[in-house]
Amino acid sequence: MAYKDLQEFLRELEKKGELRRIATRLDPYLEVAEITDRVSKKFGPALLFENVGNSRFPVLTNAFGSYTRMHMALSCESLEALASEITEFLEIEKPTGIIKKLKLLPKLARMANIFPKEVGSGPCQEVVLTGDDVDLSIMPVLTTWPGDAGPFITLPGVITKNPETGKRNLGMYRMQVFDKKTTGMHWHRHKGGAYHYHLAEKLGKRLEMAVCIGPDPAVTYAATAPLPDELDEMLFAGFLRRSPVELVKCKTVDIEVPANAQFVLEGYVEPKERRREGPFGDHTGYYSLADDYPVFHVTALTHRRDAIYPATLVGPPPMEDCFMGKTTERLFLPLIKKQLPEIMDMSLPLEGVFHNLCFVSIDKRYPGQAKKVMYALWGMGQMMFTKIIVVVDKNVNVQNTSEVLWRLGNNVDPRRDVVMVDGPLDALDHASPLAFYGGKMGIDATKKGPEDGHHRPWPASLRMSPEVVARIDAVWGELGL
């Protein structure tokens, strides 16, 4: 069932032993981050820091930092089961017969209860600060790495509307706090919010926007999900939580925000206005370099009286964001398999920080099929950013990085099996000579035969006979090993 708010989610985490309270007084400059990093690397609990700097608000970190907590956040027993539901949700077809119509009724009943619902008031506006009272420093915003240009808001739900159609977008883009009333808006050109800003600039208009910090966990995850452009993330969040997201009108801008959020920042970005933002210690494990980005002017800061400030720490994996990324991998794999049915499984290993590495196992049936899969993946949504794709046979466990590397070393002839192409890259890729664009590599690590131009015998990999495995399984308990 849906969590009413972040507080209810934390109560559930604490009841399950997944939350640790920290009463020691700590500095938001680096100290909270260092503790979070150590706990993340040990796959430890969510952390609630109750005494941070001069702020009266506690800080929550690592709330999504395990598969258990991701399951709890999305109210699901398994990601595979939820993935099947999401596929059905995104692919509801018009029924053509009475039987199909009857089968569709349960899906439609669920759909009827997921549309966002506007309410007259909400906890996020229990305290309203406008004009000269706006002061971002009341929030315990963290500085997470010593080379960071300042404190950054790292779990913001940024809400904009298409200035031409009014369609809403919810995304997550880091925000460097410049002063009491302004922040950076680090959205990459490929993202929905950046597209809305692009349209507003063409019209010569400022773009109104709002930032929700600490809504319920389904809304936070929805802000990160790679959804089709036409799908409202608030609708998707309603599907995940099995009840509507309640929205309340902002005080100073024409935007609706989750009524249960901890903090809301209202404001706008002006056309053509840029300010130097960064560096920032990013999820790649490197500092993303300073560059010019739009400036967000805050016209109102509203919050709950009992607000909790949620933050995430990104850096060398494993980190909290790895589990959010792996969740996306599991949830959206069925949609990829709909387009490429030969795919058996796919892994975006933690070491690849989402966009550098992709391992794919396929049911190979004809020569060139591995390359066909590579090219198709590079043409699918955010998979376009993937820098290196490795394709293996269906019997290879792509979730086991060691096994993939073993097959890679044994099965590849570099001259024959490696393809190099050019295309879009993630904005945080620092290795390419040009920003946003550069080389990609595909590696065919499947078994080869005469049809692939390989006329030498291909040896079988080592595997014990099933009969011996079964006999040893039967006596294993007696061996004391």
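**Close-up views**

**View A. Strand E11 (residues 207-213) and strand E14 pair in the antiparallel sense, over seven bridges.** The model shown here, as in every view, is a predicted one. Look for Ala210, which stands opposite Glu266 in E14. E14 also pairs with strand E19 (residues 295-303). Seven bridges join E14 and E19, and these two strands run antiparallel. One pair to find is Val269 and its bridge partner in E19, Phe296.

**View B. Strand E14 (residues 263-269) is mostly covered.** How many of the residues of E14 are buried? The count is seven of seven. In a regular strand, the side chains alternate between the two faces of the sheet. Which residues of E14 lie on each side? Phe263, Leu265, Gly267 and Val269 lie on one side. Val264, Glu266 and Tyr268 lie on the other. Both faces are covered, and the residues on the two sides are all buried. Find Glu266 again: this buried residue is the one opposite Ala210. Val269 is buried too, and Phe296 is its bridge partner in E19.

**View C. Three strands form an open sheet with mixed pairing.** The order of the strands is E4-E12-E13. Which strands are at the edges? They are strand E4 (117-119) and strand E13 (256-258), and each pairs on one side only. From one strand to the next, the twist averages 45°. E4 pairs with strand E12 (residues 246-249) in the parallel sense. Three bridges link E4 and E12. To trace this pairing, start at Val119: its bridge partner in E12 is Val248.

**View D. Cys124 and Cys250 do not form a disulfide, because their sulfurs are 7.6 Å apart, too far for a bond.** A disulfide needs two cysteine sulfur atoms within 2.5 Å. For Cys124, the closest cysteine sulfur is in Cys250. For Cys250, the closest one is in Cys124. How many disulfides does this rule give? The count comes to zero. Are these cysteines buried or exposed? Cys124 counts as buried, at 0% relative accessibility. Cys250 counts as buried as well, at 9%.

**View E. The largest cavity has a volume of about 110 Å³.** Rolling a probe the size of a water molecule over the atoms shows where empty space is left. A search of the whole structure finds one cavity of 30 Å³ or more. How many residues line the largest cavity? There are 15, and Leu6, Phe64, Leu155, Thr220 and Pro310 lie nearest its centre. Helix H1 (6-15), strand E3 (59-61) and helix H7 (217-222) each give two or more residues to the lining. By class, this lining has 10 nonpolar, four polar and one charged residues.

**View F. The second largest pocket holds about 440 Å³ of space.** Its lining has 20 residues. Which of them lie nearest the centre? They are Arg407, Asn411, Trp458, Pro459 and Ser461. Helix H11 (residues 401-411) gives the largest share of the lining, with four residues. By class, the lining of this pocket has eight nonpolar, five polar and seven charged residues.

**View G. Two cis peptide bonds come before prolines, Pro279 and Pro318.** Most peptide bonds are trans, and most residues other than glycine have a negative phi. Where is Pro279? Pro279 is in the loop between strand E15 (275-277) and strand E16 (280-281). The cis bond here joins Gly278 and Pro279, with omega about 5°. The other cis bond joins Pro317 and Pro318, and omega is again about 5°. Pro318 is in the loop between strand E20 (309-310) and helix H9 (320-339).

**View H. Ser75 and Arg242 have a positive phi.** Phi of Ser75 is near 55°. Find Ser75 in the loop between helix H3 (67-73) and helix H4 (79-90). Ser75 is partly exposed, at 23% relative accessible area. For Arg242, phi is near 60°. Arg242 is in the loop between helix H8 (233-241) and E12. With a relative accessible area of 29%, Arg242 is partly exposed too.

Methods. Residues numbered from 1 in each chain as written. Predicted model: local features only at pLDDT ≥ 70, side-chain atom pairs only at ≥ 80, totals over all residues. Heavy atoms only, no water. Buried < 20%, exposed > 50% of the residue type's maximum accessible area, 1.4 Å probe, protein only. Pairing = 2+ DSSP bridges. Axes fitted to C-alpha atoms, helices over the stretch in contact; angles between N-to-C directions. 1 Å grid on protein atoms, 1.4 Å probe; cavity = no way out; pocket = protein on both sides within 12 Å on 5 of 7 lines; lining within 4 Å. Points joined across faces, edges and corners; volume = space filled by probe spheres on them. Nonpolar A, V, L, I, M, F, W, Y, C, P; charged D, E, K, R; others polar.
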